[in-house]
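Student: I'm new to this one and would like a close look at a single part of it. Could you pick one region and walk me through what surrounds it?

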Amino acid sequence: MSTDLQELFDNNRAWAERTEAREPGFFSRLLRQQAPKYLWIGCSDSRVPANELVGLLPGELFVHRNVANVVVHSDLNCLSVIQYAVDMLGVQHIVVVGHSGCGGVVAALADRRVGVADNWLRHVKDVRKKHQTWLDTVPPERRVDALCELNVVEQAVNVCQTTIVQDAWERRQTVVIHGWVYGLNNGRLHDLTMTVAGPTQTDTAYVQALATVKARYASPAEA
């Protein structure tokens, strides 16, 4: 077994050489400027490579990831990322992105103990509890993905309610919050219609997004 991970250094060297050959001066330009328009708040799952699946280069997407793409008002890590993105980088869009088959959501739905993360996943369990009556109507084989989508909607609301976003809207800065889900089975992103561009839009968008999610699970599973 390799102990120095030389294969990763080899991969990095090859990637850097390919990138520079394709776009001469790429890294020198990147060094001088970071000006992303988007903040991606997603899951830590290694199968969800944020930049790649939206076709953006380094420097074009600011990224924060944690287990089950949770936004908690006491999480200074996440809040610091949002604040830096909004106040310092001037991002115009914050996208909360969940994904199908999320292991954290699986654990929260099944009350499965996984360790220290159980405390973190309490937030997803709260989402489950809030929507339990409807979730019980969803076929068991689709219930995990339904909760993944509900979790996205609830976490997007949490982003809207941060003092950072509220202050940005107060000073009329353009910041739009979105809720998306990524399908591991087909590599496609889906808009849950949780789109909020100002403080008066949150409640309406929330109702619309819940209707969108429920409509998706009222029909056969999408390919």
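**A strand and a helix up close**

Tutor: Let's start with one pair of residues: tyrosine 182 stands opposite leucine 189 in strand β5. Keep in mind as we go that this is a predicted model. The two strands to look at here are β4 and β5 (residues 189-191), which pair in the antiparallel sense over three bridges. They form a hairpin with six residues between them, and in the turn you'll find glycine 187, with a positive phi of about 75°.

Now stay with β4 and look at its other partner. Strand β3 (residues 93-99) pairs with β4 in the parallel sense, over seven bridges. Here valine 96 is the residue that stands opposite glycine 179 in β4. So is β4 buried or exposed? Strand β4 covers residues 176-182, and six of its seven residues are buried, so the strand is largely enclosed by the rest of the structure.

Let's widen the view to the sheet. In general, strands of a sheet pair through backbone hydrogen bonds, either parallel or antiparallel. This sheet is an open one of five strands in the order β2-β1-β3-β4-β5, and its pairing is mixed. At the edges sit β2 (61-66) and β5, each of which pairs on one side only. On average, and ignoring direction, neighbouring strands are turned by 25° against each other. Moving along the order, you get to strand β1 (residues 38-43), which pairs with β3 in the parallel sense over five bridges. One bridge to find there joins tryptophan 40 to its partner in β3, valine 95.

What lies across these strands? Helix α9 lies across β1, β3 and β4, and runs at about 155° to β3. Helix α4 (residues 76-89) lies across β1, β2 and β3, and runs at about 170° to β2.

Helix α9 is worth following, as other helices pack on it too. Take helix α5 (residues 103-110) and α9 (residues 140-160): their axes are 9 Å apart and they pack at an angle of about 110°. The two are therefore roughly perpendicular to each other. On the α5 side you'll see Val105, Val106 and Leu109, which meet Arg143, Val144, Leu147 and Cys148 in α9. Sorted by class, the residues of this contact are six nonpolar, no polar and one charged.

Next comes helix α7 (residues 122-130), which packs against α9 at an angle of about 105°, with the axes 10 Å apart. These two helices are therefore roughly perpendicular as well. From α7 the contact takes Val124, Val127, Arg128 and Lys130, while α9 gives Leu147, Leu150, Asn151, Glu154 and Gln155. The classes here are four nonpolar, two polar and three charged residues. Notice Leu147: it is listed in the contact with α5, and again in the contact with α7.

That leaves the cysteines. How many disulfides does a search of the whole structure find? The search finds zero. Cysteine 148, for example, is in no disulfide, and the nearest cysteine sulfur, that of cysteine 102, is 5.1 Å away. Cysteine 148 is also buried, with a relative accessible area of 3%.

Cysteine 160 has its place in helix α9 too. Why does cysteine 160 have no bond to cysteine 78? Its sulfur is 13 Å from the closest cysteine sulfur, the one in cysteine 78, and that is too far for a bond. Cysteine 160 counts as buried, at 1% relative accessibility. Setting aside neighbours within four places in sequence, cysteine 160 is in contact with Val165, Gln166, Trp169, Ile177, Val196 and Thr202. Ile177 takes us back to where we began, because β4 spans residues 176-182. As one more distance to try in the viewer, cysteine 160 and valine 91 are 69 residues apart in sequence and 14 Å apart in space, C-alpha to C-alpha.

For contrast, have a look at tryptophan 15, in helix α1 (residues 6-22). At 36% relative accessibility, tryptophan 15 counts as partly exposed. Apart from neighbours within four places in sequence, tryptophan 15 is in contact with Phe27 and Pro58. From tryptophan 15 to asparagine 151 there are 136 residues along the chain, and their C-alpha atoms are separated by 35 Å.

Note on methods:
Residues numbered from 1 in each chain as written. Predicted model: local features only at pLDDT ≥ 70, side-chain atom pairs only at ≥ 80, totals over all residues. Heavy atoms only, no water. Buried < 20%, exposed > 50% of the residue type's maximum accessible area, 1.4 Å probe, protein only. Helix = DSSP H or I, 4+ residues; strand = E, 2+ residues; numbered from the N terminus. Pairing = 2+ DSSP bridges. Axes fitted to C-alpha atoms, helices over the stretch in contact; angles between N-to-C directions. Parallel < 35°, antiparallel > 145°, perpendicular 65-115°, else oblique. Contact = heavy atoms within 4.5 Å. Nonpolar A, V, L, I, M, F, W, Y, C, P; charged D, E, K, R; others polar. Disulfide = S-S within 2.5 Å.
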